[in-house]
Amino acid sequence: MESGNTHCITNFKSIYTETRKKLKQIPGIDNKLLVLRIDGGYCSEDTLEFIAPEQIGFISKCKINLVAIKTLLKANSDRWQPLKERVEYLYFKEQRVYPDWPIKYNILIIKEKQKRLKSRNRQTYHTVKEVRYAL
């Protein structure tokens, strides 16, 4: 873990390299499938370019306003699948995150209706806000 004021993208390579070294010290880890959880702040073309040759699985939250994500949402607005109450998803296999980037990724887009507790003038009430994010 880095301090909160550490810039994600500029430190990703050193954090990743150090983490891989520590993982290699664990007996039997070479035989295991590893999937890294990468914080959304690291999701950039530079990060993807760096990690691609490693051929390691990872999951990261990416910006919902990326052109590729917006295009998928627009073209598939009527194909949401229910996951559970107030949660729906869209799943896409082998999509380009950046138009000029040759590597394709699986993309999961979540739409969730979150209940929010609000108060005004000593009265408390619930509102529902729709939140979307992409993994």
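## Exercises on phi angles and salt bridges

Glu94 is found in strand S4 (strands are DSSP runs of E with at least two residues, helices runs of H or I with at least four, both numbered from the N terminus). The model you are looking at is predicted, so local features need pLDDT of at least 70 and side-chain atom pairs count only at pLDDT 80 or more, while totals for chains, interfaces and linings use all residues. Residues are numbered from 1 along each chain as its sequence is written, and side-chain values use heavy atoms, with hydrogens and water left out.

**Exercise 1.** Find Glu94 and work out what sign its phi has, and whether the residue is buried or exposed.

*Solution.*
- Step 1: start with the backbone. Phi of Glu94 is positive, near 50°, and the residue is not a glycine.
- Step 2: set that beside the usual picture. Most residues other than glycine have a negative phi.
- Step 3: turn to the surface. Glu94 counts as exposed because its relative accessibility is 55% (buried means under 20% relative accessible area, exposed over 50%, partly exposed in between, with a 1.4 Å probe and protein chains only).

**Exercise 2.** Now visit Arg86: describe its place, its phi and its salt bridge partner.

*Solution.*
- Step 1: locate the residue. Arg86 sits in the loop that runs between strand S3 (81-84) and strand S4 (87-96).
- Step 2: read the backbone. Arg86, although not a glycine, has a positive phi of about 70°.
- Step 3: follow the side chain. Arg86 pairs with Glu85 in a salt bridge, with 3.9 Å between the closest N and O atoms (the rule asks for a side-chain nitrogen of Lys or Arg within 4 Å of a carboxyl oxygen of Asp or Glu).
- Step 4: compare the surroundings of the two partners. Arg86 is partly exposed at 39% relative accessible area, and Glu85 is exposed at 65%.

**Exercise 3.** How many salt bridges does the whole structure hold, and which one links strand S4 to strand S5?

*Solution.*
- Step 1: take the total. A search of the whole structure turns up four.
- Step 2: pick out the pair. The side chains of Glu88 and Lys111 meet at 3.2 Å, N to O.
- Step 3: place the partners. Glu88 belongs to strand S4 and Lys111 to strand S5, so this salt bridge ties together parts 23 residues apart in sequence.
- Step 4: check the accessibility. Lys111 is buried, with a relative accessible area of 11%, whereas Glu88 is partly exposed at 26%.

**Exercise 4.** Which residue forms a salt bridge with Arg132?

*Solution.*
- Step 1: look for the acidic partner. Glu130 is the residue, and the closest N and O atoms are 3.1 Å apart.
- Step 2: assess each side. Arg132 is partly exposed at 36%, and Glu130 is partly exposed at 40%.

**Exercise 5.** What separates the C-alpha atoms of Val67 and Pro99?

*Solution.*
- Step 1: find Val67 in helix H3 (residues 67-75).
- Step 2: note that Val67 counts as exposed, at 59% relative accessibility.
- Step 3: go to Pro99, 32 residues away from Val67 along the chain; the two C-alpha atoms are separated by 8.3 Å.
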